[in-house]
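Visitor: I am in my first year and would like a close look at a single part of this structure, taken slowly. Could you take me through one sheet and what lies against it, and then show me how the rest compares?

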Amino acid sequence: MDFQDFLNSGAAPRTQLESWKALQTHQSAVSYLKLQKLFSSNQQRFEDYSIVLDDLLFDYSKNLATERTKELLITLANECQLPAAIEALFSGRYVNTTENRPALHTALRDSSGNPVLVDGVDVMPGIRLELNKVKTFVESIHNDALLGATGKVITDVVNLGVGGSDLGSVMATEALSEYRQGNVGLHFVSSIDGTHLTDVLHSVDAETTLFIISSKSFTTLDTMANANVARQWLHDALGKSASLENHLVGVSANDSAMASFGISRSRRFYIWDWVGGRYSLASAVGLPVAIAVGFEHFEQMLEGMHTMDNHFRQAPLEQNIPVMMALLSVWYVNFFGARGHVILPYDSRMHRFPAYLQQLEMESIGKSVNHRGEPVDYHTGAVVWGEVGPNAQHSFYQLLHQGTRSVIADFLVPVNRQSEYPSHHGLALANCLAQSRALMEGQSADQVMQDLKQRGKTGIEIDRILPHKIHTGNKPNNLLLLKRLDPKTLGMLIAMYEHKVYVQSVIWDINAFDQWGVELGKELASNLEPVINSDATVSSLDGSTVGLLGYINLWRT
């Protein structure tokens, strides 16, 4: 059955599927297993429970999973028509069912030369055109050919965006900082509080500054408020009659809005309505990344995404990294009650990766109704959070090791790192592997007692402290080992998590590509903004909001 026909015909409730019921029964047996015994009973467990793709290794051997678990999860995936859903994603079917359009972010990095059709029209020529525009523009900056209104070379670029128009570019620019090219200063402004923009404007010169206004709709309240201030700031500094052609760039699906704002045609970069903001990094939304690392390295990132796309589309389900990651998440969320998913990179340059994944995952799968608008009777998704490993070890690892909540953990670490202090990276590797192992093995009462005796503790002291030092272990976790953190590998990671999210959405029968909860907040903010900036009152507001407005007016200086 075709995936679209499957959706239209009305799918069986997930909890009524035979594989779902079998997993519920199976969980009762697996929950008593000890991870260490799984390793001792199978000397090839690491090989059997890990997948290598180019310079990326996904190790899921430290999970409460047996061959029977894998078999049942794959059966669930097939019952949910996952293979058809994967093909639907790549072939331009309307997988974004509520907005009635495809989700073709994979086409943005498709270098195969094959056509990709949407309603019978090949979208690849338009994608290549925009990429060539990005390449030409980036080269003009790196060659000092882009001049401001007064003839001075552009030295600073400020990206004005929020959410998908900010998080991905910030994350990738930081992660690939050792690949930086040129001397252009890059700045990102996403906050609407005014201080973020103020701080940046105080650090740049209007004569040599370019603003990238990145908004798919070109109506996003946060971004356009900052854009209006930036345009006025340029006019005040350069004069009303000065040309802002090389000071303002737009990235949007809304051409008329960019034109109305005063952005010249040659400085408008286009995205498509079938690209969600959080999936848009491979488009012109990634222009700041291309400026930071050069177009060649940007292309290498797209190549990494395309490599993972091909793997996701072609690999058997049981050897498919995004598929197995997603199925394990479903296993823990729906059958073990996991509420959190922690991302733990052991590389300081990946410090924004958890924040990027927060939007990707929670905006995509934070849904409570299925494709047909019916309430689901199972949990969808977990709260995504995280921090760079060393800091995390000294903050929330306590909860991971001895807390009562079940948390899914992903460790990420590159093997090789360019650094003036290579021994430090050895420490990072050691800590990453040790923490992953500690979650699995824990520390038994006997081990604690032996350690305390070796430290010269007495019987009374041992009895008092022993319960507090026991670590139950048996905490499942995944480890993603990278040969190095380079543009291609980063692209693979990004696409891997994108596809993981999609697989989860298929299993849960929800739409991963809309975000009506976000839209509601925007609408309410637009209605409240005039009230905030005046003494007017609105009778329809709730008592809390009315009270808060009263204190805002009282305390405002």
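Guide: What follows is a walk through one sheet and the helices beside it, with a shorter visit to a second sheet and a few other places afterwards.

Please keep in mind from the start that this is a predicted model. The part to look at closely is an open sheet of six strands, whose order across the sheet is 1-2-13-12-10-11 and whose pairing is mixed. At its edges stand strand 1, residues 50–53, and strand 11, residues 383–386, and each of these two pairs on one side only. From one strand to the next, the twist averages 15 degrees.

Let us begin at the edge formed by strand 1 and move inward. Strand 1 and strand 2 are antiparallel and are paired over four bridges, and one of the pairs to look for is Val-52 with Leu-57 of strand 2. The two strands form a hairpin with two residues between them, and in this hairpin Asp-54 takes a positive phi near 50 degrees.

The next step across the sheet leads from strand 2, residues 56–59, to strand 13, residues 478–484; these strands also run antiparallel, and four bridges join them. Here Leu-57 appears again, since its bridge partner in strand 13 is Leu-481, while Phe-58 has Leu-480 as its bridge partner in strand 13. If you find Leu-57 in the picture, you can therefore follow its pairing in two directions, to Val-52 and to Leu-481.Beyond strand 13 comes strand 12, and between these two the direction of pairing is parallel, with six bridges joining them. An example is Asn-416, whose bridge partner in strand 13 is Arg-484.

With the strands in place, we can turn to the helix that lies across them. Helix 21, residues 487–508, lies across strand 1, strand 2, strand 10 (340–345), strand 12 (407–416) and strand 13, and runs at about 155 degrees to strand 13.

Helix 21 also meets another helix, namely helix 13, residues 295–314: the two axes come within 7 Å and cross at roughly 40 degrees. Helix 13 and helix 21 are therefore oblique to each other, and the crossing in which helix 13 passes helix 21 is right-handed. The residues of helix 13 that make this contact include His-297, Met-301, Met-305, Met-308 and Phe-312, and those of helix 21 include Leu-490, Ile-494, His-499, Tyr-502 and Val-503.

For comparison, consider now the second sheet, which is open, has five strands in the order 6-5-7-8-9, and is parallel in its pairing. Strand 6 (185–189) and strand 9 (268–270) stand at its edges with a single partner strand each, so one side of each has no neighbour in the sheet. Direction ignored, neighbouring strands of this sheet are turned by 20 degrees against each other on average. Strand 5, residues 156–160, runs parallel to strand 6 and is joined to it by five bridges, and Asp-156 stands opposite Gly-185 in strand 6. This sheet has a helix lying across it as well: helix 7, residues 124–142, lies across strand 5, strand 7, strand 8 (248–252) and strand 9, and runs at about 140 degrees to strand 9.

Within this second sheet, one residue deserves a pause. Ile-212 is found in strand 7, residues 209–214, and counts as buried because its relative accessible area is 0%. Leaving aside neighbours within four places in sequence, Ile-212 is in contact with residues including Val-157, Val-158, Leu-160, Val-249, Val-251 and Ile-291. By contrast, the C-alpha atoms of Ile-212 and Gln-24 are separated by 50 Å, and these residues are 188 apart along the chain.

A further helix pair can be set beside the one described above. Helix 19, residues 445–454, and helix 20, residues 459–469, pack at an angle of about 130 degrees, with their axes 9 Å apart. Helix 19 and helix 20 are therefore oblique to each other, and their crossing is right-handed. In this pair, Ala-445, Val-448, Met-449, Asp-451, Leu-452 and Lys-453 in helix 19 meet Ile-462, Ile-465, Leu-466 and Lys-469 in helix 20.

Finally, a word on cysteines: Cys-80 counts as buried because its relative accessibility is 0%, and Cys-432 is buried too, with a relative accessible area of 0%. A search of the whole structure finds zero disulfides.

Definitions and conventions: Residues are numbered from 1 along each chain as its sequence is written. This is a predicted model: local features need pLDDT of at least 70, side-chain atom pairs count only at pLDDT 80 or more; totals for chains, interfaces and linings use all residues. Side-chain values use heavy atoms; hydrogens and water are left out. Two strands pair if DSSP finds at least two bridges between them. Axes are lines fitted to C-alpha atoms, for helices over the stretch in contact, and angles run from 0 to 180 degrees between N-to-C directions. Contact means heavy atoms within 4.5 Å. A disulfide is a pair of cysteine sulfur atoms within 2.5 Å. Buried means under 20% relative accessible area, exposed over 50%, partly exposed in between (1.4 Å probe, protein chains only). Angles under 35 degrees count as roughly parallel, over 145 as roughly antiparallel, 65 to 115 as roughly perpendicular and the rest as oblique. A crossing is left-handed if the near helix is turned anticlockwise from the far one by less than a right angle, and right-handed if clockwise.
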